[in-house]
Every structure is written in C-alpha cells, then in structure tokens.
Amino acid sequence: MPGPRAEEAAERAHLARIVKEVAGDAQLGRIERLRGGVDALTHAVQLRRGGGPAEWLVVRRWKAQTLTWNPTAPERVWTTLHLLERHGVPAPRPIYLDAAGALVGEPTLVMTRAPGRATLSPADRGTYVRELGAALAAVHSLSVDADVVLPRDAIPDLEALTEPGGKLAGADGPALLERLLRWRPQHERLGLVHGDYWAGNTLWRDGRLTSIVDWDQAALGDPHADVGYCRVDLALMFGLEAADEFLAAYAHAMGSEPPTGGLGFWDLLAAVRALPDGSPWMPGYLDLGRTDLDVSTLQARLSQFIAKTLRAGLS
C-alpha cells in the first residue's frame, strides 16, 4: 500500500497534468486541499508564469461513489456556473470541463478561485443573515435561458420516509407525514435552485458575501426548497429568530412580502432531513469551527422549528 508521501506525489502529478492542459506553460506551485471532500476532491492550485503574479484556480474531481447518485454533477455545475456568469451572480467562473474523466481518470472541472472564506461565526449576525437572503434572491430572480439543460428537482417519495430506517420512521413520523401530504404543493413554481443552499456554501470577506459555491445539486425546481433548507440551517446554528430574519431579507430582495403560501411544506421537508436530532448536519458545523454546538442544542432547536412550522400552518 502506498504511503502518504507516495499518495501526495501522485496527487501532485495529477494536478500538474490538469494545469498543463488548462494553462499550457504555467508551472504548478502551491496546492491547498479545500474543506469537505465527501462528494469530490477539491484543491486550490497556484499557477506561476515567469516572474508575473501567481494565479489561483480551483480543481474539482468527482468520486465514483458520488456519480452513482448524482451522475450529472460535473455537467450541471458547468452549466450552472456559465448561467450565473451571464447573469452576474457571485460564483466561480468555469474554465475547463472533462466530464468523461479522460485526462486523469476522474471527471474534472476547473474554475476560478472566488475570493473569501466560508464562515459560520459572523461578527455581525444581522448583516450575515440579510446577505444570505439577498444572495439567494439573486439566484431565484434570474431567468433560465431556454438552452439551459438541468435536472428537475422532484419532491421525494414522502411515504417512503416512514419505512424502517427512513427519516419519519419514529413515533412522530405518521403525524409529520400527514401534514406533508396535506401541504404538498399542487403547482410548483419552477426556477433555478441551488439544492444545498446553506451558509457553509458561501464565501465571505470583510463581513460581506462574495460568492456562492458547491453547485453540484443545482436543478430546476421550486425556489421555496432552497428557502426552507437555509431556514432550518440558520435555526439550528443561531435559533428561530435568525431563520425569520433570513426570510424577511429574502422577501425584501425579491420585492415581495414574506411568502405565506407553500413555504410550510418546504420548511417541514427540510426539517425532516435533519431528523432525528440535527446530528446529520453536525459534521458540517464542526468542519467550519462551530465547536460551540452540540447535539442537544441542535435537537432542541430542531424541535422548536418543527413545532413553530406546524403551528403556523403555512400551507
């Protein structure tokens, strides 16, 4: 079995090959492994040309197991980044795609390195939440060109959630399922959705949001799905008030009142994804430094969010 040094050398050789394909005579400099790595290997790579300033790019390579459940991930990221670039939405700019993995044996995408860093510990929570809402509104406000081909983000099989091992297999499952079935929208709005919009998939500099990243699950779907997902995430990290502040900021940026029709379904569906106690989302929080959070806090906040959603009855 190759040791760490041999693996590091093989990794650098792969990245050097990609750099040569993308940037010709540029030399590979420093390499930084970016956070995450569950679905894909992502590195920031430094390019050097003569005595000029260094340039940074991001190389993303998808793992085989990811492609079994998200086989179009490379193409959908490529398509979405081009769409966002045309409409001026803050996101990395796409540079190179090898969807077949012909170059290094793995589907590969190269993009610009967006400025900023991910953070879940803002100095000013109010500004942080408002910027998250405004950025998502910018995504949902753009018109999707007719030639853009993206998968449809379908509502999952709700009844299957009550099967053994499912998110609604517990004692409260039947009651939550009944509410989901009753609230299920009959006519979904259709627009670009991120599919995994939470604070950890945004970059920040000097307290301002600079980019939205990780578009692997981008699709055409109901924008309320992104809203509900981010609301649950903010409720778990900061409490219910942050979720409501985000919704108000999103609605303001969209030029409307906070939505009262259909949101309850998406809030509840997003909360179900975090059952039974919020712990499925804990690794992402810890990865970005939120060591102040624990499962008991997440469980309490998740229960409060579900209870408030059920009381509000925003069907």
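**View 1. Asp 214 lies in the loop that runs between E8 and strand E9 (219-221).** The model shown here and in the other views is predicted. Phi of Asp 214 is near 60 degrees, a positive value for a residue other than glycine. With a relative accessible area of 30%, Asp 214 is partly exposed.

**View 2. Strands E7 and E8 form a hairpin with two residues between them.** E7 covers residues 202-205 and E8 residues 208-212, and the two pair in the antiparallel sense over four bridges. Arg 205 stands opposite Arg 208 in E8. Asp 206 sits in the loop between E7 and E8. Its phi is positive, about 55 degrees, although Asp 206 is not a glycine. Asp 206 counts as exposed, at 74% relative accessibility.

**View 3. Glu 131 of helix H4 (residues 125-141) contacts Trp 204, Arg 208 and Leu 209.** These contacts leave aside residues up to four places away in sequence. Glu 131 has a relative accessible area of 14%; because the limit for a buried residue is under 20%, Glu 131 is classed as buried. Of the residues it touches, Arg 208 is the one that stands opposite Arg 205 in the hairpin of View 2.

**View 4. An open sheet of five strands has the order E1-E2-E3-E5-E4.** The pairing in this sheet is antiparallel. Strand E1 (27-33) and strand E4 (94-98) stand at the edges; each has a single partner strand, so one side of each is left without a neighbour in the sheet. On average, neighbouring strands of the sheet are turned by 25 degrees against each other, direction ignored.

**View 5. Helix H3 (residues 73-87) packs on the sheet of View 4.** H3 touches strand E3 (55-62), E4 and E5. The direction of H3 makes about 160 degrees with that of E4. Edge strand E4 pairs with strand E5 (residues 108-112) in the antiparallel sense, over four bridges. Within this pair, Met 111 in E5 is the bridge partner of Pro 94.

**View 6. Helix H5 (residues 173-183) has buried residues that line one face of the helix.** The buried residues are Gly 173, Leu 176, Leu 177, Arg 179, Leu 180 and Trp 183. Seen down the axis of H5, they fall within an arc of 160 degrees, so they line one face. Pro 174, Ala 175 and Arg 182, on the other side of H5, are exposed. The buried residues of H5 pack against helix H8 (263-273) and helix H10 (295-312).

**View 7. Helix H6 (residues 224-238) crosses H8 at roughly 50 degrees.** The two axes come within 8 Å. At this angle H6 is oblique to H8. The crossing is right-handed. On the H6 side, the residues in contact are His 224, Ala 225, Val 227, Gly 228, Tyr 229, Arg 231 and Val 232. They meet Leu 263, Trp 266, Asp 267, Ala 270, Ala 271 and Arg 273 in H8.

**View 8. The peptide bond from Leu 275 to Pro 276 is cis.** Omega of this bond is near 5 degrees. Pro 276 belongs to the loop between H8 and helix H9 (282-287). H8 is the helix that H6 crosses in View 7, and the buried residues of H5 in View 6 also pack against H8.

Terms used. Residues are numbered from 1 along each chain as its sequence is written. This is a predicted model: local features need pLDDT of at least 70, side-chain atom pairs count only at pLDDT 80 or more; totals for chains, interfaces and linings use all residues. Side-chain values use heavy atoms; hydrogens and water are left out. Buried means under 20% relative accessible area, exposed over 50%, partly exposed in between (1.4 Å probe, protein chains only). The arc is that of the directions from the helix axis to the C-beta atoms. Contact means heavy atoms within 4.5 Å. Two strands pair if DSSP finds at least two bridges between them. Axes are lines fitted to C-alpha atoms, for helices over the stretch in contact, and angles run from 0 to 180 degrees between N-to-C directions. Angles under 35 degrees count as roughly parallel, over 145 as roughly antiparallel, 65 to 115 as roughly perpendicular and the rest as oblique. A crossing is left-handed if the near helix is turned anticlockwise from the far one by less than a right angle, and right-handed if clockwise.
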